[in-house]
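This report walks through one protein chain, element by element. Please look at the sequence and the structure first, and keep both at hand while reading.

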Amino acid sequence: KTNTDNPYDALEKIFHEPNRLAIMSHLCAADKGISFGELRDACNLTDGNLNRHLKVLEEAGAVEIAKTFVDAKPRTTISISKAGLDRFGEYLAALSEVLQRACKAIPAEKKEAATMLAAARAVRA
């Protein structure tokens, strides 16, 4: 468990990498897992890059990888493990706390400028 006074302790590096964050986020929504190809496309990764990230996540026990045959064709299905879901949930809660603290720490005058800049960008989009 992490120290509740310091949410940074719960920002597990395994999930903090942007591609692994995307992978885990997609897996959370896939009750019965997701095929390798669907996950690759959803995360906009190459086969090799997805394989590398899945290996790290599998070694950490965060995902489960099942290789089967469907209509005589190989299919790889990736699922989030129970332990992975628990750890990822803790990571997300800690990330939320870190982001809330960062927002509160921004001085009011800078928040106003950032809000106006974001609004101007939205109008141009």
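Which residues are buried in helix 3? They are Phe36, Leu39 and Cys43. Viewed down the axis of helix 3, these buried residues fall within an arc of 70 degrees, so they line one face of the helix. The elements that cover them include helix 2, strand 1 (34–35), helix 4 and strand 3. The model behind these statements is a predicted one.

**The chain as a whole**

The secondary structure of the protein chain comes to six helices and three strands. Along the sequence they follow the pattern α-α-β-α-α-β-β-α-α. The protein chain has 125 residues, and buried residues make up 26% of them. Consider the contacts in the protein chain between residues at least 6 apart in sequence: 57% of these join residues at least 24 apart.

**Helix 4**

Helix 4 covers residues 47–59, which is 13 residues. At 1.5 Å a residue, helix 4 should span 18 Å, and its end C-alpha atoms are 18 Å apart, so the expected and the computed value agree. Its buried residues are Leu50, His53, Leu54 and Leu57. These cover an arc of only 100 degrees around the axis, which means that they sit on the same side of helix 4. Against what do they pack? The partners are helix 1 (13–16), helix 2 (18–28), helix 3 (36–43), strand 2 (63–70) and strand 3 (73–80). On the face of helix 4 turned away from the buried side are the exposed residues Lys55 and Glu59. Just after helix 4 comes glycine 61, with a positive phi of about 80 degrees.

**Positive phi outside glycine**

Most residues other than glycine have a negative phi. Asparagine 44 and alanine 72 can be read against that background. Asparagine 44 has a positive phi near 55 degrees and is not a glycine; the residue comes just after helix 3, in the loop between helix 3 and helix 4. Alanine 72 is not a glycine either, yet has a positive phi of about 65 degrees. Alanine 72 lies in the loop between strand 2 and strand 3.

Are these two residues buried or exposed? Asparagine 44 is exposed, because its relative accessible area is 71%, and the cut-off for exposed is over 50%. Alanine 72 is exposed as well, with a relative accessible area of 73%. The table sets them beside glycine 89, which is found in helix 5 and is partly exposed.

| Residue | Place | Relative accessible area |
|---|---|---|
| Asparagine 44 | loop between helix 3 and helix 4 | 71% |
| Alanine 72 | loop between strand 2 and strand 3 | 73% |
| Glycine 89 | helix 5 | 35% |

**Helix 2 against helix 5**

Two packed helices are described by the angle between their axes and the distance between the axes. What are these values for helix 2 and helix 5? Helix 2 and helix 5 (residues 82–105) pack at an angle of about 120 degrees, and their axes are 11 Å apart. The crossing of helix 2 past helix 5 is left-handed.

From helix 2, the residues in this contact are Leu21, Met24, Ser25 and Cys28. They meet Gly84, Leu85, Phe88, Tyr91 and Leu92 in helix 5. Sorted by class, the contact of helix 2 with helix 5 has seven nonpolar, two polar and no charged residues.

A pair of C-alpha atoms gives another view of these two helices. Glycine 89 and cysteine 28 are 61 residues apart along the chain, and their C-alpha atoms are separated by 9.7 Å. Glycine 89 belongs to helix 5, while Cys28 is one of the helix 2 residues that meet helix 5.

Note on methods: Residues numbered from 1 in each chain as written. Predicted model: local features only at pLDDT ≥ 70, side-chain atom pairs only at ≥ 80, totals over all residues. Heavy atoms only, no water. Helix = DSSP H or I, 4+ residues; strand = E, 2+ residues; numbered from the N terminus. Expected span 1.5 Å × (residues − 1). Buried < 20%, exposed > 50% of the residue type's maximum accessible area, 1.4 Å probe, protein only. Arc of directions from axis to C-beta. Contact = heavy atoms within 4.5 Å. Axes fitted to C-alpha atoms, helices over the stretch in contact; angles between N-to-C directions. Left-handed = near helix turned anticlockwise from the far one by under 90°. Nonpolar A, V, L, I, M, F, W, Y, C, P; charged D, E, K, R; others polar.
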